[in-house]
2 protein chains.
Amino acid sequence: MKSRKRAPLSRPAGRPRSFDSAKALDRALQIFWRKGYAGASLSDLTTAMRINRPSLYAAFGDKETLFLRVLDHYAQGPGSHALHALDEPTSRAVVEKLLRGGADLLTAPGNPRGCLLVHGALTCGNNADSMRRELISRRTASELALRSRFTRARKEGDLPKDANPANLARYIVTIIHGMSVQAAGGATRVELRCVADIALQNWPTSRVLHKKQLGTPAITGD
Amino acid sequence: MKSRKRAPLSRPAGRPRSFDSAKALDRALQIFWRKGYAGASLSDLTTAMRINRPSLYAAFGDKETLFLRVLDHYAQGPGSHALHALDEPTSRAVVEKLLRGGADLLTAPGNPRGCLLVHGALTCGNNADSMRRELISRRTASELALRSRFTRARKEGDLPKDANPANLARYIVTIIHGMSVQAAGGATRVELRCVADIALQNWPTSRVLHKKQLGTPAITGD
DNA sequence: CTAGTTTTTTACCGGTCGGTACATAAAGAC
DNA sequence: GTCTTTATGTACCGACCGGTAAAAAACTAG
């Protein structure tokens, strides 16, 4: 056992908790990330979290509630690059950070391959419908945030006036979701970066013209 | 009961089968497509196939074997556009048929949303590892077929000499997989077609130049 | 010390999973 | 008719699922 910390201030009374709930959440994230919502059994979770089953229920509620907390944990941790990407000054920089950061996240050495939001609950399980809808809702929210970022970019002259923010945002998130599937299928980081590069190669620009476009085919895959 | 067909030639002896195995396979496909491999329980399958459990095992083997047969059924039925796409004369026509046909398939009114090969077994279930690898293998095979089609196109002068067939193929299948995720999330057919159009808008060409590229941003999302 | 509070531990619940044993039904062979 | 062969229907198996009851343990308050 570990050495007990002395409580510096009034402790809440009752038997003290024997585990760090933040670390337990981290471990739960790893399991859900690797196995999905339905694929992660309570035994998988409690084993990884080094917690007994009733302790899990007392601390985090049922499996659904735990998964929701894990989703927040994921958004603020591994998935945080998506939030920061929106702060980039130009739409191209936003997309660049999204795609490259995505390629890196989806193939990060210590993490499961793929995106928790994509693989968490696709078609598995009859009882996972509410969680599937939750994931869809979060993915849609990301797409809408990106769309409004592109709308702003068009207003600022960063995107051409005839650009369609909704379609562009959907195009980008489609590529990211596809990269997640590719990563889960074993694609390497450099392979995903190549895909990102192709998508970036012809990102619309309203002011500067790429000279390459004059006489060279649009994308070559290099 | 149905009217018994008269056997025109020697029947194999024994009690005749009371169901059409092709129809049963169709119904099994619907269930696997909608719920995935792990998500489709034997009760789901037997109910949909209108077959008792032992009949299923006698006719198709266990759940894994049934799923493999369903995969073949899928490839030759709903997914057959992918095969025919490779026969198109130009790489652009191949991609066009792949993306537009994919958008149509993934949002076909009578079918489950998404692609069986993508959603069949992503992260669900601890025992579905072998099926997951099977699906990954089939997806990889498709990507390789597309890559060699692009290699041929480059050899024929249909693609520029500096085009990279491997990266282009990976880019296209990434978009298709992403469209599958989008479809499962509720994207409509026109939305997916917009994504396909964006990807098509700048497909490399070695001979003809798009005049639009001279003074217009590469992609606008329209 | 005792009383009260909260967490841990063990053991268990009903339900569902994939898979099967067994008896019966329906056909051909004779 | 009887024998053989194959398919069907019922009823069941052990394993695992998510979730919980109940008792023991560890702490504070007095």
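**Entry 1: a phosphate contact on strand C.** I began with A:Ser55, and I find one of its polar side-chain atoms 3.0 Å from a phosphate oxygen of DNA strand C. I note here that the model I am reading is predicted, so every distance in these entries is computed from predicted coordinates.

**Entry 2: base contacts on strand C.** I then looked for contacts to the bases, and found that A:Arg15 places a backbone N or O atom 3.2 Å from a base oxygen of DNA strand C. For B:Arg15 I noted instead a side-chain N or O atom, which lies 3.2 Å from a base nitrogen of DNA strand C. I asked myself which elements give two or more residues to the surface near DNA strand C. They are α3 (53–60) of chain A, and from chain B both α2 (42–49) and α3 (53–60). Of the elements, α3(B) gives the most to this surface, with three residues.

**Entry 3: the whole surroundings of strand C.** Widening the view, I have 26 residues surrounding DNA strand C, and the closest are A:Ser18, A:Asn52, B:Leu42, B:Tyr57 and B:Lys63. On the DNA side, sugar and phosphate make up 66% of the strand C atoms that come within 4 Å of the protein. I sorted the residues of this surface by class and wrote down ten nonpolar, eight polar and eight charged.

**Entry 4: the surroundings of strand D.** I repeated the look-up for DNA strand D, which is surrounded by 26 residues, the closest being A:Leu42, A:Tyr57, A:Lys63, B:Ser18 and B:Asn52. Of the strand D atoms within 4 Å of the protein, 69% belong to sugar or phosphate, and the rest belong to bases. The class division for the surface near DNA strand D reads ten nonpolar, eight polar and eight charged residues.

**Entry 5: phosphate contacts on strand D.** From chain A, I recorded a side-chain N or O atom of A:Lys63 at 2.7 Å from a phosphate oxygen of DNA strand D, and a backbone N or O atom of A:Ala40 at 3.4 Å from a phosphate oxygen of that strand. From chain B, I recorded a polar side-chain atom of B:Ser18, which lies 2.7 Å from a phosphate oxygen of DNA strand D.

**Entry 6: elements near strand D.** Which element supplies the largest share of the surface near DNA strand D? I find that it is α3(A), with three residues. At least two residues each come from α2 (42–49) and α3 of chain A and from α3 of chain B.

Methods
Residues numbered from 1 in each chain as written. Chains lettered and ligands numbered in written order. Predicted model: local features only at pLDDT ≥ 70, side-chain atom pairs only at ≥ 80, totals over all residues. Heavy atoms only, no water. Near = heavy atom within 4 Å. Polar contact = N/O pair within 3.5 Å; in protein donor to acceptor, adjacent residues only side chain to side chain. Helix = DSSP H or I, 4+ residues; strand = E, 2+ residues; numbered from the N terminus. Nonpolar A, V, L, I, M, F, W, Y, C, P; charged D, E, K, R; others polar.
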